[in-house]
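This report describes the strands, cores, pockets and unusual backbone angles of one protein model. Please look at the sequence and the structure before reading on.

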Amino acid sequence: MNVEHNEMAIDCFLLAGRIMMESGAETYRVEDTMLRMARSQDMMDAQSYVTPTGIIFSLGKTQPTRITSISTRITDLHRIVLVNEISRKLTSQIITLQQAYDELKKIETTNYFLPIFIQVLAASIASSCFLLMFKGMIPDIPAAFVAGGLGLYIVTVIHQITRVKFFSEFLAAVAVGVVASMAVHFGFGTQVDKIIIGSVMPLVPGLLITNAVRDLMAGHFTAGMAKGAEAFLTAFAIGSGIALVLSL
């Protein structure tokens, strides 16, 4: 029975950590959550090692050790909050380990994202606001509205098809540049630079950069460098797409 309990505990803790990492949580937060959950079950010797691509977890020197891979990384703060709530309930003995595992499985299989048209609308509105924030002109708002929404739609659809993040972001940036340039060319916009800057903001990896810096400051150099490299590739893809359009 003790062996079965340990196996269940490892599965539960690894699942919690994997959901958090795949949802964009910081490395230190994932490790802290997993260890708190383990200590709530009187497993004081538990150890965890978290990277952006995998998690290693052990209950102790003579206890089982497991590893799980992180294949996808998105930004879903709602899932992180839900996992944190389960961790707090387990730590406070409000729920059992089995109940925590069942709730985590439900979180894993549930899609908390809003419909794609709402995401596109939000990106369009955000792009228009960023245009004004960067001292753009009011007549350029429609162009930024269309370019920003189209960029997010393309990056979402292409990523679902190819699963290549760099390629989808590159094509999205190209689309933003084309819309902005065409809008100015046909008289529907005036400042192509402001339209582009406002429209690409929904694509910028702001959370990823923040997490990379936070992990470096917390001493997680491997995770910090990996996230920083991923953020750099995203920024490079966006910049390359815009540069290609402007050069043509």
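## Strands

Strand β2 (54–58) is mostly covered, since four of its five residues are buried, meaning under 20% relative accessible area with a 1.4 Å probe and protein chains only (exposed is over 50%, partly exposed in between). The model is predicted: local features need pLDDT of at least 70, side-chain atom pairs count only at pLDDT 80 or more, and totals for chains, interfaces and linings use all residues. Residues are numbered from 1 along each chain as its sequence is written, and side-chain values use heavy atoms, with hydrogens and water left out. Helices (H or I, at least four residues) and strands (E, at least two) are DSSP runs, numbered from the N terminus.

β2 has a strand partner in β1 (residues 47–51), which runs antiparallel to β2 and is joined to it by five bridges; strands pair if DSSP finds at least two bridges between them. Val-50 has Ile-55 of β2 as its bridge partner, and the hairpin from β1 to β2 passes through two residues. Five bridges also join β2 to the antiparallel strand β3 (residues 65–69), where Arg-66 is the bridge partner of Phe-57. The hairpin of β2 and β3 has six residues between the strands, and Gly-60 in this hairpin takes a positive phi near 155°.

## Cores

A nonpolar core is a set of buried Ala, Val, Leu, Ile, Met, Phe, Trp, Tyr and Cys residues joined through side-chain atoms within 4.5 Å. The largest one has 33 residues, and those with the most contacts inside it are Phe-13, Val-30, Met-34, Ile-55, Phe-57 and Leu-104. At least two residues of this core come from each of α1, α2, β2, α3 and α4 (97–109). α1 gives the most, with ten residues.

Which residues does Met-34 touch, not counting those up to four places away in sequence? Met-34 is in contact (heavy atoms within 4.5 Å) with Phe-13, Leu-14, Gly-17, Val-50, Ile-55 and Phe-57. A second, separate core has 22 residues, among them Leu-131, Ala-144, Val-176 and Ile-196.

## Pockets

A pocket is an open set of points, on a 1 Å grid over the protein atoms alone, where a 1.4 Å probe fits, with protein on both sides within 12 Å along at least five of seven lines; lining residues have an atom within 4 Å of a point. A volume is the space filled by probe spheres set on the points.

The largest pocket holds about 1700 Å³ of space. It is lined by 42 residues, and Arg-73, Ile-74, Thr-75, Phe-113 and Gln-119 are the closest to its centre. Helices that supply at least two lining residues include α1 (2–22), α6 (141–162) and α10 (221–247). The lining has 20 nonpolar, 13 polar and nine charged residues.

About 150 Å³ of space lies in the second largest pocket. Its lining consists of Arg-29, Asp-32, Thr-33, Arg-36, Asn-84, Ser-87, Arg-88 and Thr-91. α2 (27–39) and α3 are the elements that give two or more residues to this lining, which has no nonpolar, four polar and four charged residues.

## Positive phi values

Most residues other than glycine have a negative phi. Two residues with a positive phi are listed here.

| Residue | Phi | Loop | Relative accessible area |
|---|---|---|---|
| Asp-42 | near 60° | between α2 and β1 | 65%, exposed |
| Arg-163 | about 60° | between α6 and α7 | 57%, exposed |

How values were computed. Nonpolar A, V, L, I, M, F, W, Y, C, P; charged D, E, K, R; others polar.
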